[in-house]
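The exercises below are to be worked through with the sequence and the coordinates at hand. Each task is followed by a solution that goes step by step.

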Amino acid sequence: MKAVTYPQPGGPEVLQLVDVVEPSITQDELLVAVEAISVEGGDIISRNSQHLQAGESLGYAAAGTILAIGSNVTGFKIGQKVATFNWRGAYAERRAVAAYNCFPVPDGLDARIAAAIPVGPGTAAWAFHLGQLQPGQTVLILGAAGGVGMAAVQLASRMGARVIGTGTRPESLEKLREFGLNDAIVVGDKQAGEQVRELLGGNKVDLLIDTIGGAALSDGIEVLKDGGSAVLIGILAGRNQMVDAEYLLLHRITLIGCLLGPEWGEKQIARDLVNELMVMAAKGELIVPIDSTFPLEKVVEAHQRAETRGRLGRVFITV
């Protein structure tokens, strides 16, 4: 079968479509014929900085049709459409995935949209579960125009929160208003935190959702109300950011790390949230905008597009 790998980390040009052995499944896995792949930020991070093991292919998120079912697996059937997640193996014609990382796709839902639901919207929903967002509260979303951020804007708005989002491009943030964004903060000469304080007349936010990390995390923490929570999702802006422990202590700030992948194997509620999001997407209550779609043999071009600044929507690969 065909799969995407790379000989060493680097830019999109290192990606190669090669012939590999079709995966076999364990008694707890499903074998899925991949139809659509969502190009995730984690894919790009992996390609840039991580080595693959022999026989591994790139990719987190894909949707397709079940071909085989492990002997211990219940609740699925051959021929069923599922969205799947694993740390490797999405960019291939077939993938073997643990059953707890597979989610039924409702009838009529585009396979591309289904592929994108677990990682982006799923992470946003889990972040709000961890941060315990309540109706009437104010949430600040750092990096609101990204895949997680856009889903977070929609979900927070549906929950009855005031939604403030940051980004570097005014035009992208303006488009997010139709998804529920109340206030846009363009990051530039002024730090986001300073602009938030001006916007709120010196008041602060109840919850911080940080998809960026680095200095943005420290800046965002300083506009949290006493007793507020910061949920860290991304570290694209830096892995080793200094956080003032005294400030956390004095202001009773809770800092929460949000990594959804392991939760599916441990918590039913994490899987339930993704299943609910699938239904919402099928009903048109959750939107995953499509920027562009490429065939598997155009994976280099797909990654080049995914790295293009100013996009508002996901890049997909079809098999």
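**Exercise 1.** Determine in which element Thr123 is found, and decide whether Thr123 counts as buried or exposed.

*Solution.* In this predicted model, Thr123 is found in helix 3. The next step is to compare its relative accessibility, 9%, with the cut-off for a buried residue, which is under 20%; Thr123 therefore counts as buried. A polar atom of the Thr123 side chain lies 2.5 Å from the backbone oxygen of Val119. Leaving aside residues up to four places away in sequence, Thr123 touches Pro118, Val148, Ile233, Cys258 and Leu260.

**Exercise 2.** Find the strands across which helix 3 lies, and give the order of the strands in the open sheet of six strands.

*Solution.* Helix 3, residues 120-131, lies across strand 8 (138-142), strand 11 (205-210), strand 12 (224-232) and strand 13, and it runs at about 145 degrees to strand 11. The open sheet has the strand order 10-9-8-11-12-13, with parallel pairing. Strand 10 (183-186) and strand 13 (254-257) each have a single partner strand, so that one side of each is left without a neighbour in the sheet. On average, and with direction ignored, neighbouring strands of this sheet are turned by 20 degrees against each other.

**Exercise 3.** Describe how strand 9 is joined to strand 10, and identify the helix that packs on the sheet while touching strand 10.

*Solution.* Strand 9, residues 162-167, runs parallel to strand 10 and is joined to it by four bridges. Within this pair, Ile164 stands opposite Asp183 in strand 10. The helix sought is helix 6 (residues 192-199), which touches strand 8, strand 9, strand 10 and strand 11, and whose direction makes about 145 degrees with that of strand 10.

**Exercise 4.** Decide why strand 5 is described as largely enclosed by the rest of the structure, and list its pairing with strand 4 and with strand 7.

*Solution.* Strand 5 covers residues 81-85, and because four of its five residues are buried, the strand is largely enclosed by the rest of the structure. Its pairing with strand 4 (residues 61-69) is antiparallel and extends over five bridges, with Gly64 standing opposite Val82 in strand 5. Its pairing with strand 7 (residues 102-104) is likewise antiparallel, over three bridges, and here Thr84 has Cys102 as its bridge partner.

**Exercise 5.** Place Thr5 in its strand, and establish which backbone oxygen lies 3.4 Å from a polar atom of its side chain.

*Solution.* Thr5 is found in strand 1, residues 2-5, and at 17% relative accessibility it counts as buried. The backbone oxygen in question belongs to Glu56. Glu56 also appears among the residues that Thr5 touches, together with Val14, Leu15, Gln16, Val18 and Leu52, when residues up to four places away in sequence are not counted.

**Exercise 6.** Assess whether the protein is as compact as a globular protein of its length, and state what share of its residues counts as buried.

*Solution.* The protein has 10 helices and 15 strands. Its radius of gyration is 20 Å, close to the 20 Å that the globule rule gives for 319 residues, so the protein is as compact as a globular protein of that length. The C-alpha trace spans about 60 × 40 × 35 Å along the principal axes. Of the 319 residues, 52% count as buried, while the exposed area is about 14,000 Å², with carbon and sulfur atoms supplying 49% of it. Among contacts with a separation of 6 or more, 66% are accounted for by residues 24 or more positions apart.

Notes. Residues numbered from 1 in each chain as written. Predicted model: local features only at pLDDT ≥ 70, side-chain atom pairs only at ≥ 80, totals over all residues. Heavy atoms only, no water. Pairing = 2+ DSSP bridges. Helix = DSSP H or I, 4+ residues; strand = E, 2+ residues; numbered from the N terminus. Axes fitted to C-alpha atoms, helices over the stretch in contact; angles between N-to-C directions. Contact = heavy atoms within 4.5 Å. Rg over C-alpha atoms; globule rule 2.2 N^0.38 Å. Buried < 20%, exposed > 50% of the residue type's maximum accessible area, 1.4 Å probe, protein only. Areas by Shrake-Rupley, 256 points an atom, 1.4 Å probe, with all protein chains shown as cover. Polar contact = N/O pair within 3.5 Å; in protein donor to acceptor, adjacent residues only side chain to side chain.
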